[in-house]
Amino acid sequence: MTQIYETMVLLDNDVVRMDWKKAKSIVMDTVTKYDGTLKSCRRWDERRLAYPMNRKNRATFYLTYHEIPSDNIPAFRRDLELNERDRKSTRLNSSHWNNL
């Protein structure tokens with residue numbers, strides 16, 4: 001079953017400053033790798049973190065809405081978690097998005 005998910009990814013600012021397209025492709029390529037389709041994606045903001053992550057105090061927040069088969073979610077999560085340029089990510093089931 002395919003559902004729409006909301007994913008907020010914290011990207012490493014060093015990667016974002018070097019090449020925004022490369023940083024953006026970290027998330028976009030991971031979604032397409034697991035048979036997903038992007039509905040919406042945007043750079044949200046660069047913010048100070050509540051606590052340091054890998055000795056970094058700031059990160060760029062990247063928000064995506066994507067459709068992905070439910071069977072592929074565990075592998076998708078693992079792939080994002082193992083990516084060194086991705087600081088942290090959060091996924092939510094966005095069933096309310098269909099009503100917009």
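Helices (H or I, at least four residues) and strands (E, at least two) are DSSP runs, numbered from the N terminus. The views below show a predicted model, and the residue numbers start from 1 along each chain as its sequence is written.

**View A. Thr60 and its surroundings in strand 3.** The residue at the centre of this view, Thr60, has its place in strand 3. With a relative accessible area of 0%, Thr60 is buried, because the limit for that class is under 20%. A polar contact of 2.5 Å joins the side chain of Thr60 to the side chain of Asn13. When neighbours within four places in sequence are left aside, the residues in contact with Thr60 include Val9, Leu10 and Leu11. Asn13, Val16 and Trp20 are also among the contacts of Thr60, as are Arg43, Asp45 and Glu46.

**View B. Thr7 of strand 1, with Leu63 and His66.** Thr7 is found in strand 1. The relative accessible area of Thr7 is 0%, and this residue is therefore classed as buried. The side chains of Thr7 and His66 are joined by a polar contact of 2.7 Å. Although Thr7 and Leu63 are 56 residues apart along the chain, a separation of 5.9 Å is found between their C-alpha atoms.

**View C. Helix 2, its ends and its kink.** Helix 2 comprises 14 residues (residues 20-33). At 1.5 Å a residue, the helix should span 20 Å, and its end C-alpha atoms are 20 Å apart, so the expected and computed values agree. A kink of about 30° is nevertheless present in helix 2, with its centre on Ile26. At the start of the helix, the backbone nitrogen of Lys21 has a side-chain oxygen of Asp19 within 3.3 Å. After helix 2 comes Asp35, which has a positive phi, near 60°.

**View D. The buried residues of helix 2.** Five names make up the buried set of this helix: Ala23, Ile26, Val27, Thr30 and Val31. An α-helix has 3.6 residues a turn, so residues three or four places apart point the same way. The elements against which the buried residues of helix 2 pack include strand 1 (2-11), strand 2 (37-53) and strand 3 (56-69). Helix 1 (13-18) and helix 3 (73-82) are also among the packing partners of these residues.

**View E. The nonpolar cores.** The largest nonpolar core has 16 residues. Within this core, the residues with the most contacts are Val9, Leu11, Ala23, Val27, Tyr34, Ile68 and Phe76. Two or more residues are given to this core by each of strand 1, helix 1, helix 2, strand 3 and helix 3. A separate, second core consists of eight residues, among them Leu10, Ala59, Phe61 and Leu63.

**View F. The salt-bridge network of Arg17, Glu46 and Arg58.** Six salt bridges are present in the structure. In one of them, Arg17 is paired with Glu46, and the closest N and O atoms are 3.3 Å apart. This pair links distant parts of the chain, with Arg17 in helix 1 and Glu46 in strand 2, 29 residues apart. Arg58 also forms a salt bridge with Glu46, with 3.1 Å between the closest N and O atoms. Here Arg58 lies in strand 3 and Glu46 in strand 2, twelve residues apart, so that distant parts of the chain are again linked. Arg17, Glu46 and Arg58 are thus linked in a network of salt bridges. Arg17 is exposed, at 58% relative accessible area. Glu46 is partly exposed at 26%, and Arg58 is partly exposed at 38%.

**View G. The salt bridge between Glu67 and Lys39.** The side chains of Glu67 and Lys39 meet in a salt bridge with an N to O distance of 3.1 Å. Distant parts of the chain are linked by this pair: Glu67 belongs to strand 3 and Lys39 to strand 2, 28 residues apart. Glu67 counts as partly exposed, with 24% relative accessibility. Lys39 is likewise partly exposed, with a relative accessible area of 41%.

**View H. Asn72 in the loop between strand 3 and helix 3.** Asn72 is found in the loop that lies between strand 3 and helix 3. Its relative accessibility is 19%, and Asn72 counts as buried because the limit is under 20%. Apart from neighbours within four places in sequence, Asn72 is in contact with Tyr34 and Asp35. Tyr34 is one of the residues with the most contacts inside the largest nonpolar core, and Asp35 is the residue of positive phi that follows helix 2.

Methods: This is a predicted model: local features need pLDDT of at least 70, side-chain atom pairs count only at pLDDT 80 or more; totals for chains, interfaces and linings use all residues. Side-chain values use heavy atoms; hydrogens and water are left out. The expected span of a helix is 1.5 Å times one less than its number of residues. The bend at a residue is the angle between axes fitted to the seven residues ending there and the seven starting there. Buried means under 20% relative accessible area, exposed over 50%, partly exposed in between (1.4 Å probe, protein chains only). Contact means heavy atoms within 4.5 Å. A polar contact is a pair of N or O atoms within 3.5 Å; within protein, one must be able to donate a hydrogen and the other to accept it, and residues adjacent in sequence count only if both atoms are side-chain atoms. A nonpolar core is a set of buried Ala, Val, Leu, Ile, Met, Phe, Trp, Tyr and Cys residues joined through side-chain atoms within 4.5 Å. A salt bridge is a side-chain nitrogen of Lys or Arg within 4 Å of a carboxyl oxygen of Asp or Glu.
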